Amino acid sequence: MIKKNIADALNLQIQHEQNNAQRYQAVALYFESLNLHGLSAWLNQQAGDERGHADKFIKHMVDRGGVVKLGALAAPQSTFEHPLEAIQNVQAVERATTALIDKLMTLARKEGDYALEVLLHWFIGEQVEEEQWTTELTAEMEQFYKKPGQLYMLDHQWGKRVKG
Ligand SMILES: [Fe+2]
Ligand SMILES: [Fe+2]
């Protein structure tokens, strides 16, 4: 059985992960509108990963008899000044997500919820990866977003990262 304050926090995290999926899909559509199909595919893959994150928390709740309460999804930002702004937006989302995961870990420890701690180990590792690629892509975008030829190369490179 799961404590009520933990279940409440997990319901908020489920909503956050589902909002992340919305945010990524909006950025993917923005890149699609610029004919940057590689980056669009990469960000669509991330949107799918975010749905997977929500599903992991949902399964944890269901397995432990918690009541899942799905929340409303917010309209994500869907227009950007330029590709760099879109990627900075994604980087900010991941930093905010890391802070939320860390807060959940603090709560799990305070409440002695070892099962949640085990689940959160996976998320803590995942956030290291998420911050790594968003930081890498932000740095590349800073260099290349004003240079169409190089932006096209960057798009191609990130498209190749997408799992078949
Ligand atoms: Fe996530
Ligand atoms: Fe993420």
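Trainee: In which loop is the place of Asp113?

Mentor: This is a predicted model, and in it Asp113 sits in the loop between α3 and α4.

Trainee: Is Asp113 buried or exposed?

Mentor: One reads this from the relative accessible area, where buried means under 20%. Asp113 has a relative accessible area of 9%, so Asp113 is buried.

Trainee: With which residues is Asp113 in contact, leaving aside its neighbours within four places in sequence?

Mentor: Apart from those neighbours within four places, Asp113 is in contact with Ile2, Ile6, Arg64 and Ala108. In addition, a polar atom of the Asp113 side chain lies 3.0 Å from the backbone nitrogen of Leu116. Just after α3, one also finds Gly112, with a positive phi of about 65°.

Trainee: How many helices and strands does the protein have?

Mentor: The protein has five helices and zero strands. Read from the N terminus, the order of elements is α-α-α-α-α. Along the principal axes, the C-alpha atoms fill a box of roughly 55 × 30 × 25 Å.

Trainee: What span should the 28 residues of α3 have, and how far apart are its end C-alpha atoms?

Mentor: The check is to set an expected span beside the distance in the model. At 1.5 Å a residue, α3 should span 40 Å, and its end C-alpha atoms are 41 Å apart, which agrees. For the 31 residues of α4, the expected span is 45 Å and the end C-alpha atoms are 45 Å apart, which also agrees.

Trainee: Where is the kink in α4 centred?

Mentor: The kink is centred on Leu120 and amounts to about 25°.

Trainee: How should I read a residue within a helix, such as Leu137 in α4?

Mentor: The general idea concerns direction: an α-helix has 3.6 residues a turn, so residues three or four places apart point the same way. In this case, Leu137 has 0% relative accessibility and therefore counts as buried. Beyond its neighbours within four places in sequence, Leu137 is in contact with Leu39, Ile87, Leu154 and Trp158.

Trainee: Which residues have the most contacts inside the largest nonpolar core?

Mentor: That core has 22 residues, and those with the most contacts inside it are Phe31, Leu43, Trp133 and Met141. The elements giving two or more residues to this core are α1, α2, α3, α4 and α5. Of these, α1 gives the most, with five residues. A second, separate core has 18 residues, including Ala9, Leu10, Ala54 and Phe123.

Trainee: Which residues are in contact with Trp133, leaving aside its neighbours within four places in sequence?

Mentor: With those neighbours set aside, Trp133 is in contact with Tyr24, Trp42, Leu43, Gln46, Val90, Trp158 and Arg161.

Trainee: Which residues coordinate the iron ion (ligand 1)?

Mentor: To read a metal site, one begins with the donor atoms. The iron ion (ligand 1) is coordinated by Glu17 (OE), Glu50 (OE) and His53 (ND1), at 2.1 Å. The spacing of these donor residues in sequence is E-x32-E-x2-H. The iron ion (ligand 2) is 3.3 Å from the iron ion (ligand 1), and Glu50 coordinates both.

Trainee: Which parts does the pair Glu17 and His53 tie together?

Mentor: Glu17 lies in helix α1 and His53 in helix α2, so the pair ties together parts that are 36 residues apart in sequence. Both Glu17 and His53 are buried.

Trainee: What share of the 164 residues do buried residues make up?

Mentor: Buried residues make up 43% of the 164 residues in the protein. As for contacts between residues at least 6 apart in sequence, 78% join residues at least 24 apart.

Conventions
Residues numbered from 1 in each chain as written. Chains lettered and ligands numbered in written order. Predicted model: local features only at pLDDT ≥ 70, side-chain atom pairs only at ≥ 80, totals over all residues. Heavy atoms only, no water. Core = buried A, V, L, I, M, F, W, Y, C linked by side-chain atoms within 4.5 Å. Buried < 20%, exposed > 50% of the residue type's maximum accessible area, 1.4 Å probe, protein only. Helix = DSSP H or I, 4+ residues; strand = E, 2+ residues; numbered from the N terminus. Contact = heavy atoms within 4.5 Å. Expected span 1.5 Å × (residues − 1). Bend = angle between axes of the 7 residues up to and from the residue. Donors = N, O, S within 2.8 Å, 3.2 Å for Na, K, Ca; no water. Polar contact = N/O pair within 3.5 Å; in protein donor to acceptor, adjacent residues only side chain to side chain.
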